[in-house]
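Me: Could you take a close look at how the helices pack here, and then at what lies inside? I'd like it as one connected walk, with the odd backbone spots at the end.

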Amino acid sequence: MSAIPPLFEELAAKGLDPESIVERLTKQEIETPSWGYANSGTRFGTFRQPWAATNTQEKIADAATVHTYTGVAPSVAVHVKWDFEDDDADAVVEYARSVGVRIGAINPNVFQDQEYKLGSFGSPDPASRQKALDHCLESVEIGKKTGSRYLSLWFADGTNYPGQDDMRKRKRYFTEALQTVYNAMPETMTMLIEYKPFEPAFYHTDIADWGMSSAFARACGERAKVLVDLGHHLQGANVAHIVSFLLDEGELGGFHFNDSKYADDDLTTGSINPFELFTIYCELARAEEDPNIDADIAYMVDQSHNLKPKIEAMIQTVEQIQRAYAKALCMDLGTLRERQDAGDVAGAEQCYVDAFNLDVRPLLYAARERMGVPTEPLQAYRASGHTEKLAEERRGRRGASSLG
Ligand code: PSV
Ligand code: MN
């Protein structure tokens, strides 16, 4: 029986450089969402957690804790309506800086207010369309103050009944409004357009898939790109293929990581289908190595955990994403290409299986040591007693709720 060689030796034998893999792992950046630290629930109810963040500062502080333990989560995405009050953007930026993180993507909220019952940019009501436009323009201004590189747009727009509205008319409203917002953005800002084929609208959604996001992005300009939320596909969609296609078109702008068993379930990234996450990372890792591809992508988590303690869930998520990336970096690309070109189907697949099955902990430990963070972040966090301390501090305060 042949012995399993230590990982670094095994990789070197395949012509891979473990040191450069470790280096790439230290450069990985994953943005966590402010709304993932506050109480959240389903439409059936919210179970409050005593340690959940109850205001913007606490959400940012929790994101900073995740960064302290992982070393790869230096920014926090914000939702304008949930995180900002009048004119407090400078204070939010300053607070984030003081705890060691920065403000990342700005997410306008054009789905919650009563005026949006029939939609926002796509609404038949001109006043609702104007309100949504004003809010997005205001979000651009906030983004300027926070120095955010991304304006991240998701629309709940759609219809619930056949014939409810004219889909083509709504598409035109969307193009016009998106262009107006795009033109108001500074050169340093990129617009991310997120798609979703269902929920809360269930007959049609105005931006149902990546092709529609892409068409709207092209109607705006070069700094408008597609955002892929892993929970926003119909069952069975090959997301790795979508990612590879968008990368090749130079249209992939960002990710919302999560996992799902049924729909937009907001489960922990990699908890249901870690192999799919790995195949997605194979596309991303290859693109990073290709000088002809723009792989400047915003990697963000979009999860709201109803049961798990928020910070634990987020650290666990970051670890899952790191693991998938590390495995993708261990792919024996030379052999894979040879086998693909030779039509060696089983052999090519085996390259994927072999990389996926590797225990990549030695690489992750080395990267974490280099970054000066615990080698097992979740374990270290759980042993720290921080969740219990937060519960003492925050218990009884009414947490701001968010959607998932
Ligand atoms: C909508 O389901 C979504 O994925 C969008 O990204 C929102 O901004 C986020 O969730 C809010 O929970
Ligand atoms: Mn999302």
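Reply:

**Helices, then the inside**

Helix α5 (residues 89-98) packs on helix α6 (residues 126-146) at about 40 degrees, the two axes being 9 Å apart. An angle like that makes α5 oblique to α6 (under 35 degrees is roughly parallel, over 145 roughly antiparallel, 65 to 115 roughly perpendicular, the rest oblique). Axes are lines fitted to C-alpha atoms, for helices over the stretch in contact, and angles run from 0 to 180 degrees between N-to-C directions. Helices (H or I, at least four residues) and strands (E, at least two) are DSSP runs, numbered from the N terminus.

This is a predicted model, so local features need pLDDT of at least 70 and side-chain atom pairs count only at pLDDT 80 or more, while totals for chains, interfaces and linings use all residues. Residues are numbered from 1 along each chain as its sequence is written, chains are lettered from A and ligands numbered from 1 in the order in which they are written, and side-chain values use heavy atoms, leaving out hydrogens and water.

Back to the pair: on the α5 side, A89, D90 and V93 do the touching, and on the α6 side I142, K145 and T146 (contact means heavy atoms within 4.5 Å).

Now go to α10, which shows up in two packing pairs. Helix α9 (residues 239-249) packs against α10 at about 15 degrees, with 8 Å between the axes, so α9 and α10 run roughly parallel to each other. From α9 you get V239, A240, V243, S244 and L247, and they meet E276, T279, I280, E283, L284 and A287 of α10.

The partner in the other pair is α13 (residues 345-357): its axis comes within 11 Å of that of α10 (residues 274-289), and the two cross at roughly 110 degrees. At that angle α10 is roughly perpendicular to α13. On α10 the contact takes in P274, F275, F278, T279, C282 and E283, while α13 supplies Y352, A355 and F356. T279 and E283 are worth clicking on, since they turn up in the contact with α9 and again in the one with α13.

On to the inside. The largest nonpolar core has 102 residues, and the members touching the most others are F121, L178, M191, F255, Y281 and L284. Such a core is a set of buried Ala, Val, Leu, Ile, Met, Phe, Trp, Tyr and Cys residues joined through side-chain atoms within 4.5 Å. L284 is a familiar name, as it also sits in the α10 side of the α9 contact. Helix α11 (residues 310-329) gives the most to the core, at 10 residues.

Take F121 as a way in. Beyond four places in sequence, F121 touches R129, A132, L133, C136, F155, D157, Y173, F174, A177, L178 and V181. There is also a second, separate core of 12 residues, with W35, W154, A298 and M300 among them.

A298 and M300 lead you to L192, which is in strand β8. L192 has 0% relative accessibility, so it counts as buried (under 20% relative accessible area; exposed is over 50%, partly exposed in between, with a 1.4 Å probe and protein chains only). Setting aside neighbours within four places, L192 contacts Y150, L151, S152, L153, K225, L227, G253, G254, A298 and M300.

R170, in helix α7 (residues 167-184), is charged yet also buried, at 0% relative accessibility. Its contacts, again beyond four places in sequence, are L118, G119, G122, S123, P124, D157, G158, T159, D165, H204 and D206. D157 is there once more, having appeared beside F121.

Last, the backbone oddities. Most residues other than glycine have a negative phi, and most peptide bonds are trans. The bond from E199 to P200 is cis, with omega near 5 degrees, and P200 sits in the loop between β8 (190-194) and β9 (204-205). D87 has a positive phi of about 60 degrees without being a glycine; look for D87 in the loop between α4 (80-83) and α5. With 71% relative accessibility, D87 counts as exposed. D266 also has a positive phi, near 60 degrees, and lies in the loop between β11 (252-257) and α10. D266, though, is buried, at a relative accessible area of 6%.
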